[in-house]
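The following note is offered to a colleague who is reading this model alongside its sequence. Its points are numbered and may be taken in any order.

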Amino acid sequence: MKGILKSMMVTASTFARKPVTREYPESHRELPERDRAFPLLLWDEDINEPFCTGCHACERACPVECMTVIMKDNPNHTAHDGPSKRRKIIDSFYIDYGRCMRCNICVEVCNFEAIAMNNTWQGHETSVYDRSDLVMDLPQLLAESKAGEIQEWVAE
Amino acid sequence: MTTDETNGEAVEETPPDTFEGTLWPDVNRALSAVDVRPERGALDLIVHLPRKDVIRGLGMLKHDDELHFDYLRSLTAVDNEDEGVDVVYHLYSVSKNHNLTVKTTLANEDKVLETATTVWQAANWLEREVAEMFGVTFNGHPDPRPLLMPEDVDLSDVHPLLKSHPFAEIDVLQGEGLGHDRDAPGDV
Amino acid sequence: MSTEIFGIENVNVWVDGLIRVLLIVGFMTVVVMGLIYGERKILARFQQRLGPTRTGPMGLLQSVADALKLVGKEDLRPRNADPWTFELAPYLVFVPVFLGFVIVPFVLDWQIRILELGLLYFVAITGVNIVGWIMAGWGSDNRYAMIGGMRAAAQGISYELPLVLALVSVAMVVEVPLADGEVARGSLNLNEIVASQHEVPNIVWQPLVVVVFFIAGLAELNRTPFDIPVGESEVVGGPFVEYSGIRWSMFFLAEYAALLIMSLLFAAVFLGGWAWPAGIFTDEDWPRWAQALLVAGKASIFVFMVFWVRASVPRLRIDQLMGFSWKILLPLMLAQVMVNGLVLVYDWPEIILTVVGLIGIVALFAMVDRAVRQPRQRPASAAQLQSEAV
Amino acid sequence: MVVEAPSEFETQDLLINVGPQHPSTHGVFRMVLEIDGEVVKDLVPYIGYLHRGAEKLCENNDFRQGIGYMDRTEYLAAHNAELSYVMAVEALGEIEVPERAQWIRMILCELNRISSHFMFLGAFGIDVGVFGTPFIYAWRERETIIDLFEEISGDRMMYAYFRAGGLAWEVPANFENRVREVLASAQQGVKDFDGLLTENEIFIARTKGVGFISAEDAIEMGMSGPTIRASGVPLDIRKTEPYLFYDQLDFEPITANGGDVFDRYIVRLQEISQSIDLIGQCLERLQPGPITPERMPRMLRLPEGEAYIRTEAPRGEYGVYMVSKGGNKPHRLKVRSACLSNLQVLKQMSVGQYVADAIIILGSIDIVLSEVDR
């Protein structure tokens with residue numbers, strides 16, 4: 001019976017230790033800055049337009065093909081005496097969060113640093129009732145960055 | 001599968017590779033009764049055996065006390081479209097700690113081969129998987145049910161890992177239709 | 001046909017019985033809900049977790065929430081389950097446990113009926129719920145349930161014997177002062193058993209019996225390490241697999257009510273119930289509320305030990321369980337009863353009982369260690385199957 | 001009419017369906033047990049419920065995209081899975097991996113072995129019957145390790161952190177003392193488990209002598225990992241065919257010669273302590289330096305050839321056989337799964353034992369169904 005008493009001593013010792021559980025909805029764990037929730041597009045504050053020029057690099061590199069990119073000519077390009085140097089700008093951009101496997105390849109291939117991984121809790125808490133609601137379109141993808149809540153992490 | 005001969009024609013005859021660093025001398029001695037064609041792999045020596053005496057060769061390799069390949073590491077197949085299907089045996093010797101890859105080519109018309117379960121029990125499930133994925137029939141296999149594919153549906157002529165088997169279309173949820181009935185896309 | 005209840009004279013016997021039963025029902029449900037909540041909290045602490053905290057302050061209303069949920073749930077019956085056995089099984093498990101409360105001596109004269117054969121009545125009543133388990137297992141047309149039911153039957157019956165012998169060996173040596181100053185030995189009346197422990201609780205005289213009673217009690221309650229009929233990893237909930245809603249909650253209530261009775265009985269028979277420390281300080285008894293606290297404290301020791309064992313010990317296998325009861329517990333108990341008999345007949349000093357009890361505990365530990373070290377004996381048929389399969 | 005009574009009471013064998021939804025099949029595994037009373041007469045395993053055709057998918061994805069699929073074929077130790085895939089690409093493309101990247105790969109793979117073994121201890125504790133305590137102890141340790149992985153790669157289980165030629169990006173600055181913190185809590189976890197289960201009489205009675213497999217049968221059936229080392233065969237690829245810098249570390253493969261469920265538990269418990277010590281040795285040798293080769297082509301094309309790379313994953317030998325016919329996608333990719341070969345032995349070990357034994361024998365092989373079904 002010595003072994004049984006020993007295992008009861010072990011459970012007794014954990015009886016005295018501080019519980020490790022955390023009350024999730026009330027207290028959130030502090031996310032590391034590299035955390036990868038889902039990709040989202042970044043907003044260029046000073047010229048007030050998205051960085052993304054719709055060059056399809058990420059769409060081709062995505063293993064699960066969860067992105068659809070449509071570009072258009074940039075209305076406030078310098079040719080039409082606007083502030084922006086980008087000749088092309090993104091017209092509509094869909095990411096299907098239901099298919100995305102968060103592998104960060106799109107962020108690596110993007111040469112305009114226009115897409116980043118969402119490292120906030122809002123990026124994680126995306127539960128919906130209908131799978132097609134997981135398809136994020138351009139305004140939704142830009143929302144968080146436009147509101148300035150995203151400090152994206154860039155791998156040097 | 002390019003072998004030494006094809007390289008030979010293109011460029012002037014390269015000196016036949018003597019495989020000195022590999023197991024080839026012992027393997028050649030062990031498999032003297034069978035015509036064998038060596039090839040240098042990335043890590044271990046590759047040996048090609050004709051279809052009819054693969055199992056005999058594997059038996060010799062296992063019971064040869066010099067080589068003593070008592071551990072069947074992995075058994076799989078590679079579909080080379082028109083050159084037929086290669087069945088690959090990766091062998092290892094626990095006592096001697098050396099490796100060997102044995103390959104044999106089956107023509108696409110009759111993909112039939114003797115079962116290796118007589119030599120190693122480990123081949124049982126691996127052969128079942130190769131059978132259902134590549135359509136190779138192993139004669140004398142103790143339990144030829146499909147391994148990974150569902151049994152209730154008759155999939156006996158569906159062999160997914162063959163190159164001829166198409167990739168499934170991805171049901172695209174994005175684009176105009178299903179996205180959102182938001183106002184005009186791109187309204188930024 | 002009138003008796004006195006709480007100072008009110010000539011109350012009709014039936015009304016008096018009814019009032020006492022209703023009191024017990026109220027007491028039992030409240031305490032059982034507390035036990036369920038207590039188990040989840042204590043078990044959580046053993047595992048460094050918090051336990052229920054969401055429902056009510058510190059999760060106190062968790063059992064109420066469970067009860068409401070279970071009442072709300074639809075209790076369905078499998079189509080080709082045997083209707084009568086399936087429906088009646090929960091009652092056959094719950095009612096005997098509830099009837100057991102008749103003889104529990106809470107405080108000096110606060111129990112439903114003082115029965116001369118209180119212990120015999122208790123053992124007989126708790127024997128009935130094994131039938132309920134088998135009916136639940138057999139009636140619900142589910143293979144896991146049937147296996148669970150058969151296991152419950154095997155375990156229930158084989159641990160009934162050490163439990164009964166444990167109670168018998170205590171009841172034998174109880175001193176009952178007779179009217180003419182003489183002292184008679186042996187009584188099955190729980191009140192007398194408790195009253196006899198004024199100075200020294202029975203645990204001092206019968207240490208081995210306490211250990212065996214605790215082990216057999218765990219087996220009767222189907223608690224780890226004997227939760228084989230309900231082992232989730234093997235038989236997925238055992239006989240209760242097909243039950244849901246109120247029927248399942250009756251099983252659940254019965255399990256915790258049985259734990260409550262076992263702990264109260266343990267406190268009464270072994271730790272002296274409401275009598276023990278009182279006898280040392282004053283001759284007459286303590287006030288009622290002090291006795292109640294005393295009994296509650298002693299019962300909670302047993303309950304805490306049950307939860308503690310549940311958090312730290314794995315489950316036995318069915319053959320080890322049977323072997324442990326028939327080959328180890330039963331011989332020890334028979335030896336203990338024989339020694340008690342000798343002490344009674346030849347009037348040896350009481351101290352011999354304690355010494356023999358302690359030797360018994362050492363023997364129990366030695367037997368268990370020897371049994372664990374032995375190579376496994378498997379039935380011949382099993383060994384023969386094994387050789388066939390290779 | 002007189003019915004001639006059967007000579008001895010004629011009983012009927014019961015067919016139980018254990019799984020694919022069952023608390024102790026560790027995922028979607030199904031076995032049909034034919035039991036006589038409590039003794040298992042026959043066991044027929046069914047797998048394939050989690051078959052997603054990872055090998056076919058990898059043929060359609062280039063050498064960076066395929067890494068994500070490797071994580072998903074071995075979700076409890078994704079670093080070890082990525083390691084085999086990435087080493088196969090480097091072997092075919094003769095890509096030189098800088099030293100620092102190799103040391104970091106070794107540290108992460110050993111950490112993943114610890115977290116996977118803790119997962120085994122937790123699940124095995126519940127199979128044996130302790131209600132929840134080992135599971136929470138295991139989860140407590142596994143959480144600390146997984147939090148560290150999240151700080152490094154950004155994801156808890158599907159890291160996609162290794163790349164052909166090195167790593168995706170540099171580890172965070174406080175990497176070393178974070179690893180030391182995690183090792184300290186893992187040490188505490190091992191002490192807890194040792195106290196809770198190893199000497200517990202009931203645990204010994206339940207697991208000693210159960211599910212025996214001899215060394216010859218184990219080799220014959222192609223088993224690998226802790227399951228074969230528990231039968232006395234010192235087959236540990238980190239020692240027999242060292243890859244990365246395992247030849248610079250001094251350690252001996254942990255073996256036990258009982259070949260039963262208890263020894264498989266003990267081998268895995270000791271391997272956690274061994275991994276903790278190995279990581280300590282690696283940390284001493286870690287030097288600052290580059291983590292990717294200088295010039296890496298944006299779109300990696302591999303020459304023709306084939307390579308069979310095997311590494312020691314927590315469950316055994318995780319091998320990647322990659323055949324390339326030029327181009328940026330592998331022509332054929334075979335994942336050699338340790339659990340598939342270990343699972344073949346389940347019937348041989350379980351027939352003749354009790355139902356309760358069959359459950360813990362299945363638990364002791366420590367299967368991960370995504371690796372079995374791929």
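**Notes on the predicted model**

1. D:Glu94 is placed in the loop between helix 3 and helix 4 (99-128) of chain D. The coordinates are those of a predicted model, and the remarks below should be read accordingly. Although D:Glu94 is not a glycine, its phi is positive, at about 45 degrees. Most residues other than glycine have a negative phi. Is D:Glu94 buried or exposed? D:Glu94 has 10 other C-beta atoms within 10 Å, and is therefore exposed, the limit for that class being 12 or fewer.

2. Helix 3, which precedes that loop, covers residues 78-93 of chain D and lies across strand 6 and strand 7 of the chain. The angle between helix 3 and strand 6 of chain D is about 150 degrees.

3. Strands 6, 7 and 8 of chain D make up an open sheet of 3 strands, in the order 6-7-8 and with antiparallel pairing. Its edges are strand 6 (304-313) and strand 8 (332-336) of chain D, each of which pairs on one side only. On average, neighbouring strands of the sheet are turned by 10 degrees against each other, direction ignored. Between strand 6 and strand 7 (residues 316-325) of chain D there are 10 bridges, and the two strands run antiparallel. One bridge sets D:Gly305 opposite D:Ser324 of strand 7 of chain D.

4. Chain D as a whole contains 15 helices and 8 strands. Its radius of gyration, 22 Å, is close to the 21 Å that the globule rule gives for 374 residues, so chain D is as compact as a globular protein of that length. Along the principal axes, the C-alpha atoms of chain D fill a box of roughly 95 × 45 × 35 Å. Buried residues make up 60% of the 374 in chain D. Of the contacts in chain D between residues at least 6 apart in sequence, 70% join residues at least 24 apart.

5. Which chains share the most contacts? Among the 5 pairs of chains in contact, the answer is chains C and D. This contact draws on 36 residues of chain C and 35 residues of chain D. On the side of chain C, two or more residues come from each of helix 9 (232-235), helix 12 (288-312), helix 13 (318-346), helix 14 (351-373) and helix 15 (380-389). Helix 15 of chain C gives the most, with 6 residues. By class, the side of chain C that touches chain D has 17 nonpolar, 9 polar and 10 charged residues. Chain B and chain C, by contrast, have no contact, and their closest C-alpha atoms are 11 Å apart.

6. Chain C also holds a cis peptide bond, between C:Thr224 and C:Pro225, with omega at about 0 degrees. Most peptide bonds are trans. C:Pro225 belongs to the loop between helix 8 (207-220) and helix 9 of chain C, and helix 9 is among the elements on the side of chain C that touches chain D.

7. In chain B, strand 4 (residues 85-92) deserves attention. What share of its residues is buried? The count is 8 of 8, so strand 4 of chain B is largely enclosed by the rest of the structure. In a regular strand the side chains alternate between the two faces of the sheet. Both faces of strand 4 of chain B are covered, with B:Val85, B:Val87, B:Tyr89 and B:Leu91 buried on one side and B:Asp86, B:Val88, B:His90 and B:Tyr92 buried on the other.

8. Strand 4 of chain B pairs in the antiparallel sense over 8 bridges with strand 3 (residues 71-79) of chain B, and likewise over 8 bridges with strand 5 (residues 99-106) of chain B. B:Ser74 has B:His90 of strand 4 as its bridge partner, while B:Val88 is bridged to B:Lys103 of strand 5. The hairpin of strands 3 and 4 of chain B has 5 residues between the strands, and B:Glu81 there takes a positive phi near 40 degrees. The hairpin of strands 4 and 5 of chain B has 6 residues between them, and B:Asn97 in the turn has a positive phi of about 55 degrees.

9. A further positive phi is found at A:His56, near 65 degrees. A:His56 lies in the loop between strand 3 (49-50) and helix 2 (57-61) of chain A. With 13 C-beta neighbours inside 10 Å, A:His56 counts as partly exposed.

Note on methods
Residues are numbered from 1 along each chain as its sequence is written. Chains are lettered from A and ligands numbered from 1 in the order in which they are written. This is a predicted model: local features need pLDDT of at least 70, side-chain atom pairs count only at pLDDT 80 or more; totals for chains, interfaces and linings use all residues. Two strands pair if DSSP finds at least two bridges between them. Helices (H or I, at least four residues) and strands (E, at least two) are DSSP runs, numbered from the N terminus. Axes are lines fitted to C-alpha atoms, for helices over the stretch in contact, and angles run from 0 to 180 degrees between N-to-C directions. Two residues are in contact if their C-beta atoms, placed from the backbone, lie within 7 Å. The radius of gyration is taken over C-alpha atoms; the globule rule is 2.2 Å times the number of residues to the power 0.38. A residue is buried if 20 or more other C-beta atoms lie within 10 Å of its own, exposed if 12 or fewer, and partly exposed in between; C-beta atoms are placed from the backbone. Ala, Val, Leu, Ile, Met, Phe, Trp, Tyr, Cys and Pro count as nonpolar, Asp, Glu, Lys and Arg as charged, and the others, Gly among them, as polar.
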